[in-house]
There are 2 protein chains.
Amino acid sequence: MRQERSGAALEEAIDENFRSGRWRAGHRIPTERALSEAFGISRTTVRRVLAGYKDRRLISQVVGSGTYVGTDLPRLLQAATAPDASEVATSPAELMEARLALEPAIVQMVIRAGTSVDFDRMEVCCRNAENAATLEAFEQWDGLLHEAIAEAAHNALILAVFRLINNARGQEEWGMLKKRSVTPERRLAYQAEHRTLVRALRMRDLEAARDATQAHLAHVRRNLLGY
Amino acid sequence: MRQERSGAALEEAIDENFRSGRWRAGHRIPTERALSEAFGISRTTVRRVLAGYKDRRLISQVVGSGTYVGTDLPRLLQAATAPDASEVATSPAELMEARLALEPAIVQMVIRAGTSVDFDRMEVCCRNAENAATLEAFEQWDGLLHEAIAEAAHNALILAVFRLINNARGQEEWGMLKKRSVTPERRLAYQAEHRTLVRALRMRDLEAARDATQAHLAHVRRNLLGY
DNA sequence: CTAAATTTGTCCGTATGTATT
DNA sequence: AAATACATACGGACAAATTTA
């Protein structure tokens, strides 16, 4: 893992606190030493980061008292920090790890909240994927199947999480890997795995659904990354 | 759950496919009937949605052939669909459900990827939260603790998911509920639960860590929502 | 009012990894 | 390929200002 600029975590946490409104104008934020401890970085580094915010007049520091959030311009930071969130830089390996951790959890919610209409939608996607003539068409219905599953959780936050994963999946590096890894027999296997998952969801069999999800993802990872 | 406009899911799926680049210029998207089936909506509704995209010249339809992605202006849609993702409208109940599903999964990754430096950071946050004089200061360190946990997964996607949750947590409705629900004795209980979790993480005891997470979240939900 | 504790400001020496010569 | 210079981060120490007991 490459050594990223060492104050980055602190910066993101500060932005987060600004954005969420937890740190409002006039609020006294933790001391330099406390932040240094909490983020496992030296006070020198904390000071460098805070100096950046001070230059932009987002905070002010007074000796002997503490560090305070600027009183009049809390909107500047909103403009300054807002525009990320949608593009998450990640590697295929990281992505697969996250999917293996998160998707079984999503499946659990689907079992609790999914309706027969949702399961019907999933089956339509399976059927269309199976009948797809081209790889493009297959992936299209594969994507729609995943979308249908995420929506069956009936939870806006879960859907947002799924979109996050899916966006990362649309990245370049990933597309390259996939193109080379999806052979006709693997496609058949994927289709069977999808069917198994949808069936387990409809039966509300948590064990089976989780197993199917993990087995499928492990399969994809093996084909994609070789382990 | 409120009934959202019935073509919304389809619109979001289409935007998603544009954004991710899965549907490039000239691509033939699924037939109206297929979409109608896949999304559990009538073909009339599908046509209404598609008409919206056709008006904006993002797709073109030719009778007897299919619906095609516009050839020259795929950037328009990017501008048109990009700016959400950061603000997810959700209710406290939905949020708690999602947290109960996702956070145990995150915990699992922390156990695999966390380092002793990460666990030290968490303990610093616990200590500072315990020493906090005001409720504000307590919540500040509580937030930093959660951030430390999310970062200990050492996965950019997981961190993004956590930020999504945290953003939703910063919403108005949530703040109101919390203010009224955090009494001194509850705060003490939360602190103990946090300690238990961090200890389990450091010992890499998956069972204990998951139990601690679920117990804590269930506790928070009961205090917040009454069930 | 005094004194101790806390917090930011400043400087120094060291270690480590990177780029250049 | 080796040696040098540079940038970055760390930890410690002390001064100055403020808060608190």
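Which of the 14 residues around DNA strand C come nearest? They are A:Arg33, A:Arg43, A:Arg47, A:Gln61 and A:Gly64, a residue being near a strand if one of its heavy atoms lies within 4 Å of it. The model is predicted: local features need pLDDT of at least 70, side-chain atom pairs count only at pLDDT 80 or more, and totals for chains, interfaces and linings use all residues. Side-chain values use heavy atoms, with hydrogens and water left out.

The surface near DNA strand C divides into 2 nonpolar, 6 polar and 6 charged residues. Helix α3(A) gives the most, with 3 residues. Sugar or phosphate accounts for 59% of the strand C atoms within 4 Å of the protein; the rest belong to bases. A side-chain N or O atom of A:Arg47 lies 2.8 Å from a phosphate oxygen of the strand. For A:Lys54 the corresponding distance is 3.1 Å. A base oxygen of strand C is 3.1 Å from a backbone N or O atom of A:Gly64.

The contact between protein chains (heavy atoms within 4.5 Å) takes 59 residues from chain A and 60 residues from chain B. Chains A and B bury about 5,300 Å² between them, 59% of it on carbon and sulfur atoms. Buried area is the accessible area (1.4 Å probe) lost on putting two parts together, summed over both. A:Arg22, A:Gln140 and A:Leu157 supply 12% of the area that chain A buries against chain B, more than any other three residues.

The two chains share 5 salt bridges, each a side-chain nitrogen of Lys or Arg within 4 Å of a carboxyl oxygen of Asp or Glu. One of them joins B:Arg112 to A:Glu97, with the closest N and O atoms 3.3 Å apart.

Conventions: Residues are numbered from 1 along each chain as its sequence is written. Chains are lettered from A and ligands numbered from 1 in the order in which they are written. A polar contact is a pair of N or O atoms within 3.5 Å; within protein, one must be able to donate a hydrogen and the other to accept it, and residues adjacent in sequence count only if both atoms are side-chain atoms. Helices (H or I, at least four residues) and strands (E, at least two) are DSSP runs, numbered from the N terminus. Ala, Val, Leu, Ile, Met, Phe, Trp, Tyr, Cys and Pro count as nonpolar, Asp, Glu, Lys and Arg as charged, and the others, Gly among them, as polar.
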